[in-house]
Structure formats: C-alpha cells, structure tokens
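This briefing looks at the empty space inside and along a protein model. Take the enclosed space before the open space.

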Amino acid sequence: MQTTLIQQGITILFLTGWCLITMGVGRLCLSVTAIRFASRSEGLFLSAGIGLVITGYTVFLLGVMESLYPFPIGLLLTSLALFSVAGWLRPIRTAPAAPSGRSAWELWALILLGILLLAGFVLTLTPETGKDALIYHLAVPKLYLLHHGFYFIPGNAFAGYPLLGEMHYLLALFLQNDILAKAMNYALLCGTLFGMGLFAHHVLQNQHFPSLSMLIFVSIPSVFAISHAAYNDMLVTFFTLAAIYSFFRWSDDRLTAWLILCGLFSGSSAACKYTALIATPLGCLGILWLAKRSGNGARETLRRLAFYVAAALIAGSPFYLKNWIVTGNPFYPFFYGLFGGKGWEPDQARLYDLLIQNLGMGRTLLDYLLLPWNLSLRAKMDSLEFDGILGPIFLLALPFLAALRRWETPLRMTLTYTLLTFLFWASSAQQIRYLIPLFPLLALVVGAILTRYQSRKNIFGLLLCIVAGSLAFNGYHIAREFIKIDPLRVAVGLESRDHFLSRTLPTYTMYRFVNQALPSDARIFLIYMKNYTFLCDRDCYADAMFEAHTLQKILREEASPDRVRNRLKAAGFTHLLYDERYLLGEPSPLSAEEKQLFLAFQNSYMRNVRQQGFYCLYRLI
C-alpha cells in the first residue's frame, strides 16, 4: 500500500510539472502578442492551449527525426521546463477581473461537481482498461518509443490517425507511467471546465449558471467515462472550445492575434482527430458571415481568411503529411479509393465503411427524424447503438429556446455551429464520443436558457426539474459504472495492478503469461484478443479491425497445412494466441473449408502452450 501511494504521489507530481510546463511555454508565446486578456484566468486557459500544441509538436519532431531516445527526450523536457520558467516570469497583459456572485443553485451545483470530479480522479488513478487506449492511444506511442521514431505499424490502421494528443502520452510512457497519461486527459477535463466558466462570463455575458453548465457536461456518462481514460476526445474538446472562444473574442475587437489563435486551435483539434476537420470550414463560414454583417470589403475579408486558414494549416497539417509519407494516404485509412494506403486492402476499406454506416440506429429518413430521441434515451455503452450514453438533458431543455423572442449573436452563432457539426456527425460515424466537443457548448446554452427563464418561476421550476431528473438519470449510470470498476482499493494499493486488470479485462491473464513465459524473441499472432497490444511486451501482430482478416486471407490462398505454416513462418510468427469462440465457433467469419484447413494445420504444426477458457496459446513448430 505504501509503495502504491508513493507511486501515485509521483504521478501527481509529474502531472503538476506537465501542467506548469505547458502553461508556462504558452505564456511565453502569448507574452509577445498584442492581446490584452480580459482576466488572468483567460490568459491561463489560452496559455495551456498554446503550450499543449507546442509541447506535442516538439515530441513530434523527435519522432520525425527518429530521436526518441532517453537523452533527446530528457533534453527536450529540460528545455521546455526552462522556457516555461521564462514564461511564468514574464507578465501578460490583463484587465482587472469583475467580481461575480453565485446563487444557491450554483453552490449546490459546485458541490455535486466536486463529488463527480473526485470520483473521476479516483478512477484516473487505476491502471488503464479503456479499449481504444489499449489498442492505439497508448499502444502506438509505446511502439514509437520502442523503435525510437515514427514508422509504419503493420496491422494497426489506427496508427495512421492524427496523434497530437498521443505525443503527450508518449512522454508519460517515457516516464514508465500509463496512469500519468490518464491523468493528463483528466487535467484536460478540468481545463475544459475552466474554459466553460470563461465562456459563460466573457461570451454569454448574462449566463448566471456556469457551475450548473459544468455539472451538466461532466455528468454525461460518455464524458465521465472518457475523462479518466487515455483517449484524445477531451483534447479535441479543449481545443474546440478554445477555438470558438478565441473566435468570439476576435469578433469583439477584431484583433488579428485572436483570429490566429482561433486558427491554431482549429487546426490543432484536427491534428487530434479526423472528425475535427469540420472546425476549419465552419470557422471560415463564421468569418464570412461577420464580414457580410459588418460590411467589410472583399480584400479585408480575404486577408482575414488567409490568416485563419494559414494558422489552421500550420497547426493541423504535420500529421497529415506524416501519414502521406508513411502510408501514402494523408487521411489513412479513409478515402482508400482515392489515395490507397500501405497495408490496407479494398475489402478492409469496404468493410470499414460498412461498419461506420452501421453505427447508430439506422440511416433511413425515419431514423434521422428519430435521431435526437434515440441518441438521448436509447444509446448504449460498448454497442453499435451509438457506443455511449448521452441522457435526456439536451433533448428536453433545448426546445425551450423556441419561446425566446431574441437570441444574442453569440448564442445564435454557437447554436449554428453545433447544428452544422451535428449534421456532419449524423452523416458519418455516429458514436456519441465524437459529439463530446459539442457538449460544453450545449451545456452552456442550457445555462443561458435557465438564465432567460429565471424570472418566470413556473417555467424556471419546470426547467430545474428537467435538469434534476436528467442529472439523476446520468448519475445512475455513472454510479453503476463506478461500482462495477471498484477503483478505490487499487488506487490506494489494497489491490494489486495484476489483480485489478485480471478482473476487469478477461484477456489480461493470457497477455501476462506471454510477457512472463515466452522468450524475448517471440513473435505472436493475435486473433480475436481484442487487439490490446499495449498489454503485450513481446513483438506481436494483430489486425486492428476485422481480426481474422490476415488469417482468412492465408487460408483462402493456401491449399495445405504445410503451406499455411510456411506463410506464418515467413512472417516471423512463433506463436498464435486466439479466442476459439470467435475463430472457430458460431460467430467465426471463416467458412467450413477454412476452419477445416486451420484445424488440420493446428494438429500438424502447432503445440498447445496454455489454454484458459476460450483463450488458446499455441507454439508454431
């Protein structure tokens, strides 16, 4: 227990250092601009955003130069720390902050928010069990560290995604601390809440319920689940909020530096996730709309668009260029018909497109009409049905906007942005977590609705009941998941890491056996083992999607067990680890002939090393 508490203390110390470094580097950059910040809080929020971009891309440069060795990384961290000290010592211009009071509702919201944040922090201090984190958010940086730079990772199509957030996780793994990566993501949740407070105060200036808006955001089950895992959705959310905030600050004083900040944050969000590519075109639309409204000339409008787009390209393009060089496709593995892509095939591209179209609850006209209802009340975690839980808060509260006679320009533009982004989402991959960047904005809109109806007691009381009922709905799902994970014992050292992972991840014990029992030169072919390659310390291969694709291709092309063996040996495999339920059972994609050939090969050329339930480890002879 004492050892665990010391390790957790070191994690918190590292996290504090990371936060101070990113904000200090950002302060150093912002101190040379002409921006006069509305408050110190605004300066800290935007400094954190700039620092995240710079820190992530300095790691990116080491990856490009294949210099991910201890000395260059240590030198980088030392340099960033020195720059951050200089940033903290240099003042940035701020205006005096206006005092603001809090209602009783806000105090209760703060108490509940504190409880949720504490629960999330406890979950953050547990070993990583997030599916996508184990597949690529942590697995890919781990391999880049192992190979000291960027390279093509066979089988893992997700390694071609834009990975600006994962550059920070690489630093955490360099320090041998996957929990630190989770803590970084949790800090981004806190930074997003910080930004929401600024948005309510400086953009929606008559929003009287910022704390309640924050509580609504954190209480969304999908947001809470993502906040304590090493995913990148929270970084996209942070950058998106910072971009929109900077846009509104630019719309107030038309200082070009604000527009450049907006472009940098828009591009940085796209450097984290493909779905954020929509942000830059919407930013251009916003600039054009304000130009028309203000009567600006074409030359001035084009100049502003050029500044914005150039900043977005500078911040967003490096990962797309890296993908183009490494895989031949800047949007790998998408747009295969246009660009192709290394290690990707037409069948995989077709099946992936089909999978994306099957996310949600249908694509007919009726399904689209029912989308808000289904999304709010029928979505499920770990399911094709939106793969998350939203809750009814926005479905029930947003219709009250219809009765408002006048919408302020920031509110109108915020709603337009969320609507257009939602339509883009509805036409692509319908997973709830891809909508998370919109939830802070919608939560702030709910706060604005409450503010507008505050003087109409009957409607205000109804709205409070809706909010309370939605919070109870969300709280039930959060509490159920918290109890299921049972994080407190492992967080304080009363439960070992191995025991925690064994009870939360059925495949973990087999991965642990591989790490402990197989020789260091072993190469394992993983089939239907969930692709949790982060857990495997031996060289391994897994198809990131359609997990039997490579094996099925071999079985189709080879006619005898010995030729199957030769193909696998030629690929360097020494062992096969698979789940026989999905490889040979009823859900298997293999045909009867393919199963027969695989069993013949298994009987002739494989020897059982270990079997645990349906999980089988064989040695290739």
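The points below cover the cavities and one pocket of this predicted model. Four cavities reach 30 Å³ or more. The largest of them has a volume of about 170 Å³. The second largest pocket has a volume of about 870 Å³.

**Largest cavity**

- The lining of this cavity is made up of 16 residues.
- Nearest the cavity centre lie Thr275, Ala276, Ile278, Thr421 and Tyr434.
- Helix H11 (233-253) and helix H20 (409-426) each give the lining at least two residues.
- H20 provides the largest share, with four residues.
- The lining of the largest cavity has eleven nonpolar residues, four polar residues and one charged residue.

**Second largest pocket**

- The volume here is about 870 Å³, and 34 residues line the pocket.
- Closest to the pocket centre are Gln176, Asn177, Asp178, Arg497 and Phe534.
- Several helices each contribute two or more lining residues. Among them are helix H1 (2-30), helix H3 (70-89) and helix H6 (139-147).
- Helix H7 (164-174) and helix H8 (178-203) also give two or more residues each.
- Helix H24 (497-504) and helix H25 (508-517) complete that list of elements.
- By class, the lining of the second largest pocket holds 17 nonpolar, ten polar and seven charged residues.

Technical notes
Residues are numbered from 1 along each chain as its sequence is written. This is a predicted model: local features need pLDDT of at least 70, side-chain atom pairs count only at pLDDT 80 or more; totals for chains, interfaces and linings use all residues. Side-chain values use heavy atoms; hydrogens and water are left out. On a 1 Å grid over the protein atoms alone, a cavity is a set of points where a 1.4 Å probe fits but cannot get out, and a pocket is an open set with protein on both sides within 12 Å along at least five of seven lines; lining residues have an atom within 4 Å of a point. Grid points are joined across faces, edges and corners, and a volume is the space filled by probe spheres set on the points. Ala, Val, Leu, Ile, Met, Phe, Trp, Tyr, Cys and Pro count as nonpolar, Asp, Glu, Lys and Arg as charged, and the others, Gly among them, as polar.
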